[in-house]
Amino acid sequence: MTSNIYQSLVEARANGEKKFVVLIDPDKVRLGNMDKVLEYAAKAKVDYFFIGGSLIVNNMLDKCLVSIRERCDIPMILFPGNSFQLSYRADGLLFLSLISGRNAELLIGNHVIAAPYIRVSGLEVLPTGYMLVDGGVPTTVSYISNTQPIPANKDDVALCTAVAGEMLGLKMMYMDAGSGAKNPVSESMISTVSSGINVPLIIGGGIRTPEKAMANAKAGADVIVVGNAIEKDPELILEIAEAVHSVGAKVS
Ligand code: 1GP
């Protein structure tokens, strides 16, 4: 099994370089702006696509992966809302353990069911501690997972959760305020968690502007994920990519 994606994330963190991820919901691939999303993503040198959603209602995952691959070579990482959202056509898989919650199925149960498929899939497995943070509105993922998010102002709870996740051997942490969150994860929480762990930190949920993306990266996020805002305005990809990549970029 290769480990190109993880290796590049670890190296980027060590060098202070920031990565920008566009989240694509396979259900929405047929919407008109998908062509634009792919065009701008290639132009802006987006680092990765995350592919997934907490509730996918159409069977579009494979078609989505094939059509992206036909158009560009940006690595595609599955961000599965459940164990039905798997495909060997992707490059990697966020093997998510929902460590902010206490739902055993999402901590280990679904993983047992998916493990045999994943082992033969060829996907690069990225064991990730997934932490929901209260984004000010109830989210699909919180409802579906039947878990409470970490309160938005409890930086210490987030830190201890991430540290415990790292001690358990998880290779990355993903703090997510949930898709379309009213309030994205605070810079204070990002900075507290980032300085307390030694693994790459992914931040997403409710990021709508290049300014917030840049502030998150400066606070210690290694990877910035944006979905909703880009679906609405694909051109934002260019500005957000530039903002994220400018943090930590070497001045020559
Ligand atoms: C959600 O972190 C992602 O899981 C992205 O959220 O769609 O709000 O950008 P948005």
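**Figure 1. Composition of the shell around the ligand in the predicted model.** Four nonpolar residues, eight polar residues and one charged residue make up the shell around the ligand. In total, 13 residues surround the ligand. D176, S179, G180, G206 and G227 are the closest of these.

**Figure 2. Polar contacts of the ligand oxygen atoms with Y174, G206 and N228.** An N or O atom in the side chain of Y174 lies 2.9 Å from an oxygen atom of the ligand. Backbone atoms take part at two other residues: a polar backbone atom of G206 is 2.8 Å from a ligand oxygen, and a polar backbone atom of N228 is 2.8 Å from a ligand oxygen. The protein buries 96% of the 310 Å² that the ligand exposes when taken alone.

**Figure 3. Span and bend of helix α4, residues 104-121.** Helix α4 has 18 residues, for which a rise of 1.5 Å a residue predicts a span of 26 Å. The C-alpha atoms at its ends are 25 Å apart, in agreement with that expectation. At A114 the helix bends by about 50 degrees. A proline, P116, follows A114 within four residues.

**Figure 4. Buried residues of α4 and the side-chain contact of S121.** G109, H111, A114, I118 and S121 are the buried residues of α4. The bend of about 50 degrees is thus located at a buried position, A114. S121, which is found in this helix, has a relative accessible area of 12% and is therefore classed as buried, the cut-off being under 20%. Its side chain reaches the backbone oxygen of I118 at 2.7 Å, and I118 is itself among the buried residues of α4.

Terms used:
Residues are numbered from 1 along each chain as its sequence is written. This is a predicted model: local features need pLDDT of at least 70, side-chain atom pairs count only at pLDDT 80 or more; totals for chains, interfaces and linings use all residues. Side-chain values use heavy atoms; hydrogens and water are left out. A residue is near a molecule or strand if one of its heavy atoms lies within 4 Å of it. A polar contact is a pair of N or O atoms within 3.5 Å; within protein, one must be able to donate a hydrogen and the other to accept it, and residues adjacent in sequence count only if both atoms are side-chain atoms. Accessible areas come from the Shrake-Rupley method with a 1.4 Å probe; for residues, only the protein chains shown count as cover. Ala, Val, Leu, Ile, Met, Phe, Trp, Tyr, Cys and Pro count as nonpolar, Asp, Glu, Lys and Arg as charged, and the others, Gly among them, as polar. Helices (H or I, at least four residues) and strands (E, at least two) are DSSP runs, numbered from the N terminus. The expected span of a helix is 1.5 Å times one less than its number of residues. The bend at a residue is the angle between axes fitted to the seven residues ending there and the seven starting there. Buried means under 20% relative accessible area, exposed over 50%, partly exposed in between (1.4 Å probe, protein chains only).
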